[in-house]
Amino acid sequence: MAGLTALPPNLLTGDAAPEWMNKGDNMWQLTSATLVGLQSVPGLIILYGGGVKKKWAVNSAFMALYAFACVLVCWVLWGYKMSFGDGLLPFVGMMGTATTPEYLFQKAFLGTLPNATMVYFQFVFAALTLILIAGAVLGRMNFYAWMLFVPLWLTFSYTFGASSIWSTQGFLTKAGIIDYSGGYVIHLSAGVAGFTAAYWVGPRLNKDRESFPPNNIILMLAGAGLLWMGWSGFNGGDPFAASIDASLAVLNTHLCAATSLLTWLTLDIVVFRKASVIGAVQGMITGLVCITPAAGVVQGWAAIIIGLCSGTIPWFTMMVVHKRSVLLQKVDDTMAVFHTHAVAGCLGGILAGLFAEPKLNRLFYGFSPDEPTHYIGLFYGIQTGRLNAGLKQMGVQLVGIVFIVVLNIISTTLICLFVQLFIPLRMSEKDMEIGDEAAHGEEAYAIWGQDKLESSLYNDLEQSNTHKNEVVKQG
């Protein structure tokens, strides 16, 4: 009998597998984190590198790569504990390192995972947020200013939002805000911060604003595909378990993204008579962003409705409102981060407050069925006679939006002004004319022998001009 009841060797506990750790959950969490990491490296590196003008391909891709590396170092040295450590204030934790085995091998604040896994999982979200901000300032921000901006913004903006909304001690967490996987903390933050940074950095050269074609649309599509597939980990990893709620979140994510893409594409065809590839990518992104706050707490039919909204409203703000707004026209947001992330993230937070189902909220947030709670969408509050609870939920959702918007406008402005004291935020006009070669001394598509050919053509042209001048003088 003892042999029949003995656990298989892979399920036995020990120093490397304590009793509180679930190996399956830990494996899914590490996989999810890696999927999210692939959204940045190489996902957004490829999307940015292919989606900008040829002369900016290296600079744009390198801004993403640098941010990914810089955030990881800052995250383990102080960022993680400021976001999820012991509370210093209601919106930020105490600074501290997350590097020692004694800490990393302990159980994380949520889930059946070690701190090491949680630090890694939360890092890839933080890195992605900074890389999204970069999308708003491509094509003119001084790379050295960006090097300083990244650690400062992580420290004085991202950690405040993450601690307030995701930490168990955050004031918006305690208020009951619904942000399943980062519609507020990541996308709304990135959209507002990117727009604010773009204001302070200033616009691209006029000719770049007027004509900024992607240098490689196929490459851009490859990056967009990595972004889309990586979202399985982005939303599927946030229950911190390989659970049915994770499965629902993954399915809803892709359903909403597909619906949004088709909606955006339809509007482009009806209005502009063109099936735009770039438009389809934007519709895909707005769908992914919009479902993020609600991914695992809404039904499939609601995910479709959210997709219809995310393919329509950001399209309207980008294609109609943007062209009529003096402020939006003035601020040069290179990759339209404001529309695809700020507008879509804000919309997602509101729709989560409308469609969040109490039973699914209970699966995710883990409260008792008998426990009075305001984790209930407004529509379900009306249906079940709990109107006040539904209205309260919508109020919390709106407060969260205001908090994130104000936080990022103020923090990003102060950071930009501080950086400008030491390093110009903007490249010189001469360097912006040249692009990658001026910023990094490298080109994206340099061909062997091209320099010699260009030098030869230049010399021939000079000789021709000299000859013409001599003929004119003799004449």
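This passage describes selected helices, surface features and side-chain contacts of a predicted model.

Helix α5 comprises residues 115-134. At 1.5 Å a residue, its 20 residues should span 28 Å, and the end C-alpha atoms are 29 Å apart, which agrees with that expectation. The helix is mostly covered, as 18 of its 20 residues are buried.

A nonpolar patch of about 390 Å² is present on the surface, made by I217, I218, L221, V277 and I278. Two helices, α10 (217-236) and α12 (277-291), each supply at least two residues of this patch. The greatest contribution comes from α10, with 3 residues. An α-helix has 3.6 residues a turn, so residues three or four places apart point the same way. One of the patch residues, I218, is found in helix α10. I218 counts as exposed because its relative accessibility is 64%, where the cut-off for exposed is over 50%. Helix α10 also contains G225. With a relative accessibility of 31%, G225 counts as partly exposed. Although G225 and L47 are 178 residues apart in sequence, their C-alpha atoms are 9.1 Å apart in space.

Helix α11 (residues 244-272) includes N252. N252 counts as buried because its relative accessibility is 1%, where buried means under 20%. Its side chain takes part in two polar contacts with the backbone: a polar atom of the N252 side chain lies 2.9 Å from the backbone oxygen of A295, and the side chain of N252 also reaches the backbone oxygen of V298 at 2.9 Å. When residues up to four places away in sequence are not counted, N252 touches I291, A295, V298, Q299, G300 and A303.

Salt bridges were sought across the whole structure, and 7 were found. In one of them, the side chains of D332 and R204 meet with an N to O distance of 2.7 Å. This pair links distant parts of the chain, 128 residues apart: D332 lies in the loop between α14 (326-330) and α15 (337-355), and R204 in the loop between α8 (183-201) and α9 (206-210). Both partners are covered: D332 is buried, with a relative accessible area of 2%, and R204 counts as buried at 7% relative accessibility. R204 and D332 are also linked with R140 and R209 in a network of salt bridges.

A salt bridge also joins the side chains of K207 and E433, at 2.7 Å from N to O. Because K207 lies in helix α9 and E433 in helix α19, the pair ties together parts that are 226 residues apart in sequence. K207 is partly exposed, with a relative accessible area of 44%, and E433 is likewise partly exposed, at 42%. In the salt bridge between the side chains of R426 and E429, the N to O distance is 3.6 Å. R426 counts as partly exposed at 24% relative accessibility, as does E429 at 47%.

The loop between α18 (387-420) and α19 (429-434) holds P424. P424 and Y144 are 280 residues apart in sequence, yet their C-alpha atoms are 8.5 Å apart in space. Beyond residues up to four places away in sequence, P424 touches N142 and A145.

How values were computed: Residues numbered from 1 in each chain as written. Predicted model: local features only at pLDDT ≥ 70, side-chain atom pairs only at ≥ 80, totals over all residues. Heavy atoms only, no water. Helix = DSSP H or I, 4+ residues; strand = E, 2+ residues; numbered from the N terminus. Expected span 1.5 Å × (residues − 1). Buried < 20%, exposed > 50% of the residue type's maximum accessible area, 1.4 Å probe, protein only. Patch = residues over 30% accessible without salt bridge, like charges linked within 9 Å, V, L, I, M, F, W, Y side chains within 5 Å. Areas by Shrake-Rupley, 256 points an atom, 1.4 Å probe, with all protein chains shown as cover. Salt bridge = Lys/Arg side-chain N within 4 Å of Asp/Glu carboxyl O. Polar contact = N/O pair within 3.5 Å; in protein donor to acceptor, adjacent residues only side chain to side chain. Contact = heavy atoms within 4.5 Å.
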